[in-house]
Amino acid sequence: MSNNRQKSHAPENLFGLLLEKFMPFWPYLIMLFLFCGALAWGYLKVATPSYEVSAKLIIKDEGKGVDGSKIIESMNPFDSKKIVENEIQVIQSKEIIRRAVDSLMLYASFYEDRSFKPISAYNTSPINIKIENPERISLPTKEHAKYYFSYQKETNSVLMDNKLYALNIRHNFDFGSLTFIKNENQVAESKDQLYFELIHPDIITSYISKNLIVVPTDKLSTVVILGYVDELRTRGEDILNAIIQSYIDIGFEDREKLAKNTLVFIEDRIIQVEKELNRLEDEIEKYTSEEGAINLSEQGRLYLQDAGDNNRKIADLNLQITLLRRVESYVLSKNNQGGIVPSIAGIDNPVLTDLLQKLYDKEIEYARLQKTTAQNNPILLSLADEIARIRPSILENIKNQKSNLRASLRNFNTYSGKFDSVLKGIPQKERALLEIKRSESIKKELFSFLLQKREETALAHAPNEGDTKVIEKASASITPSNPKALKTYGIAFFIAVGIWISAIVITEMLNKNVLFRSEIEDLTNLPILGELSFSKITSKNRMVTPKDIVLTEQLRNLSARLGLYNRKFTKKIILITSNIAGEGKSYVSRNLAISIAQSGKRVALIDLDFRNPQLTRLFKLTGSDGVIDYLEGNCSFKNIQNQFKFEENFHVIPAGAIGGDYTKTLLNGAIEKLFEQLSSNFDMVVIDSAPIGLVSDVNLLAEFSDIKLLVIRHGYTPKKIIQRFEQNEQTELLEHMSIVFNGIKKRGFSKKNSTHGYGYS
């Protein structure tokens, strides 16, 4: 018999391997499916559904889309284009969301107190609560306080703590001052006790901010989509609409503030010019009445007209220089902060106008973005850099303009001197009157100009759709977005499979005893000669009968592999041992001997496990003469033979008298004579010896044995013992030893014997 290592063959494909390894435990998988499915069903019943809410806005972007009508732009000098990416950050800013929270009074959360869990009463509460200073609501240490109440329809009041509180009247409580108002969102009557919780607005704002999604539809589009998830469809829609309205309102407020400041400036100038014009008219009236200067000569009138035109130009140049100085002072005093751009009405310089408008737009955008982003934000730094580049251009333009205006002013002053010399010839009275009228004419023109600018500003101040347009109002999904039944059951399915696989793998990996034939093959080079399945025979320690078809065939197969049925077979003595007690060597010895006897051979079964004579006790031969008695010379060979009726050619030789030094008895020389008589009287001799790792008896008996079998029991023999087995010096004496894998149990609920490496019977 060869000691070459014999490897079992695992299934050749992955699918077959998985079937071999896991399918014997399929009933556990079914139970896990039912259990996890029940949990998923329960979760779907108790989980609060949530709905997806979405809306669409279109934003004017200076880098995308098509420019608006030039006519509209000319009517609205305060209109500024925006960058979509920046506006997304503005929409998601806490300032916008906080406005929405305050407008919807979300800091007061209403619930219906149900036995299992409370539900939101956003649509069923008859009242709502408005707090004057919601930021004073205290932050909770553990959980929010609950305030139970009921609504009295008859008195239109709220009953809380046995006190009635009228609606629309401010009431003072320990937690603050509030007003009970009618809930406009009520669509149904509450069925359970109502209560409310006061939550700090910053907590609500932070929660909404984390769940609010604002994204553009694509890179080239100025349309953005707002998304939000809420437990109530109506509340989710209200929150999203409130956020959109807050964003639009802030845009209007910025434009309104700019237009209002401009109007104040123009109104102040109109009042001042009007006073000066009235003063000049009074002077003309007084002068004409006192001096009698009514008609002017034609020549003097013409000269005065030319001089008046010249003086108007000088005044216009001085005004332009003054305006340029104001603009220059405005530019030098700025620090990336928005403000009111001084009016440059009267300065015909489109380049300067465009530069100032661009500077104003960038500063406004910088100030708005600064509220929502960090100082080192790339977009913020880019805006600061653009502002820094625009300012020198404006200052350079102003410098050139002032230089040109001063040159023109010198020329007109020269002409003015000439006109003065000519007018010296005009009578003093007429000249004085004309000078007063000339100043009056200049003030009238300036007054008309300011009135025109006031109307233009008023048109820009009028309400319009602004820079943002709502394409789609907030709309919630009809069906809940979470939880979804299919997804929930799918997750439950995968969890069940995961638990099933993990339990099988971990259980078998953590088992320190031998479970698989492949483990034996990995731990030792001894060949596995046969496998014996587990049955009640093993547990009840009875003998195999022909009715035990599986075990009978396995024992016959083991005998055949031993070559016991060959015609030329001459080996007669079989030694059966194990590593430790309890592995079934006595069971294998007894049934192997009986199986051989059933084939017609004369068989002797010897119990040489003197310290634990299981065979002796099993065959009820305790106290009978046995091997010890024979070796000590107390009886003859014939006396130790015990024949059994169920097999006439089957004899059992018990261990004999218990006690004494068994090793010394084996070494007294009588053992050779015993085996000679056994060989001459029996065709086969099966020896049930002591475990090989406990005593040295096996080494003494090995030299008389032709075949050595080592019994390893499934689920019982520790792997470490097999691992150390080949390092044991005793194995050198056990040449041609083979292994019998005993007590193999079926894996799980499998009905098929599968002992190849990845499964067991």
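**A chat about the predicted model**

Biologist: Which helix gives the most to the nonpolar patch?

Modeller: Helix α2, residues 26-46, gives the most to that patch, with three residues. Please keep in mind that we are discussing a predicted model throughout. The patch lies on the surface and is formed by L19, M23, W26, I30 and L34, which together have about 480 Å² of accessible area.

Biologist: And W26, where is it found, and how is its exposure classed?

Modeller: W26 is found in helix α2, and it is partly exposed, because its relative accessible area is 45% and the class begins at 20% and ends at 50%.

Biologist: Before we go on, what pLDDT does the protein average?

Modeller: The average pLDDT is 78, and 81% of the residues score at least 70. Two stretches deserve caution: pLDDT stays under 50 over residues 65-80, for which the model has 23 contacts beyond four places in sequence, and it also stays under 50 over residues 753-761, for which there are 43 such contacts. Where pLDDT is low, the predicted coordinates should not be read in detail.

Biologist: Fair. How many helices and strands does the protein have?

Modeller: There are 22 helices and 21 strands. Of the 761 residues, 45% are buried, and the accessible surface comes to about 40,800 Å², of which 53% belongs to carbon and sulfur atoms. If you take the contacts between residues at least 6 apart in sequence, 78% of them join residues at least 24 apart.

Biologist: Let's go inside, then. In the largest nonpolar core, which residues touch the most other members?

Modeller: That core has 42 residues, and L674, F675 and L678 touch the most other members. Helix α20, residues 670-681, supplies the largest share of this core, namely five residues.

Biologist: What does L678 touch, leaving out residues up to four places away in sequence?

Modeller: With those set aside, L678 touches A604, I606, F637, I653 and V685. There is also a second, separate core, made of 34 residues, and it includes L104, L106, I204 and L232.

Biologist: What about helix α4, why call it largely enclosed?

Modeller: Helix α4 spans residues 84-91, and six of its eight residues are buried, so the rest of the structure largely encloses this helix. The buried ones are V84, N86, E87, I88, V90 and I91.

Biologist: Switching to charges: how many salt bridges are in the whole structure?

Modeller: The search finds 13 salt bridges. One of them joins the side chains of R98 and E135, at 3.7 Å from N to O. That pair links distant parts of the chain, since R98 sits in helix α5 (residues 94-104) and E135 in the loop between β4 and β5, 37 residues apart.

Biologist: Are those two buried or exposed, R98 and E135?

Modeller: R98 counts as buried, because its relative accessibility is 19% and the cut-off for buried is under 20%, whereas E135 is partly exposed, with a relative accessible area of 41%. R98 and E135 are also linked with D102 and D202 in a network of salt bridges.

Biologist: And K585, which residue is it paired with at 2.9 Å?

Modeller: That is D609, with 2.9 Å between the closest N and O atoms. D609 lies in the loop between β16 (603-608) and α17 (614-618) and K585 in helix α16 (residues 585-597), so this pair links distant parts of the chain, 24 residues apart. D609 is buried at 4% relative accessible area, and K585 is buried as well, at 7%. K585 also forms a salt bridge with D688, where the closest N and O atoms are 3.1 Å apart. In that case D688 is in strand β19 (residues 684-689), 103 residues from K585 in helix α16, and both D688 and K585 are buried.

Biologist: Last bit, loops. Where does S481 lie, and what does it touch beyond four places in sequence?

Modeller: S481 lies in the loop between β13 (468-476) and α12 (485-510). Its contacts beyond four places in sequence are S50, Y51, E52 and V229, and S481 is buried, with a relative accessible area of 17%.

Biologist: And A145, is it buried or partly exposed?

Modeller: A145 is partly exposed, at 42% relative accessible area, and its place is in the loop between β4 (127-131) and β5 (147-152). Beyond four places in sequence, A145 touches F196 and E197. The C-alpha atoms of A145 and Y195 are 9.8 Å apart in space, although 50 residues separate the two in sequence.

Definitions and conventions: Residues are numbered from 1 along each chain as its sequence is written. This is a predicted model: local features need pLDDT of at least 70, side-chain atom pairs count only at pLDDT 80 or more; totals for chains, interfaces and linings use all residues. Side-chain values use heavy atoms; hydrogens and water are left out. A nonpolar core is a set of buried Ala, Val, Leu, Ile, Met, Phe, Trp, Tyr and Cys residues joined through side-chain atoms within 4.5 Å. Buried means under 20% relative accessible area, exposed over 50%, partly exposed in between (1.4 Å probe, protein chains only). Helices (H or I, at least four residues) and strands (E, at least two) are DSSP runs, numbered from the N terminus. Contact means heavy atoms within 4.5 Å. Patches are made of residues with over 30% relative accessible area and no salt bridge: like charges are joined within 9 Å, nonpolar side chains (Val, Leu, Ile, Met, Phe, Trp, Tyr) within 5 Å. Accessible areas come from the Shrake-Rupley method with a 1.4 Å probe; for residues, only the protein chains shown count as cover. A salt bridge is a side-chain nitrogen of Lys or Arg within 4 Å of a carboxyl oxygen of Asp or Glu. pLDDT is the predictor's confidence in each residue, from 0 to 100.
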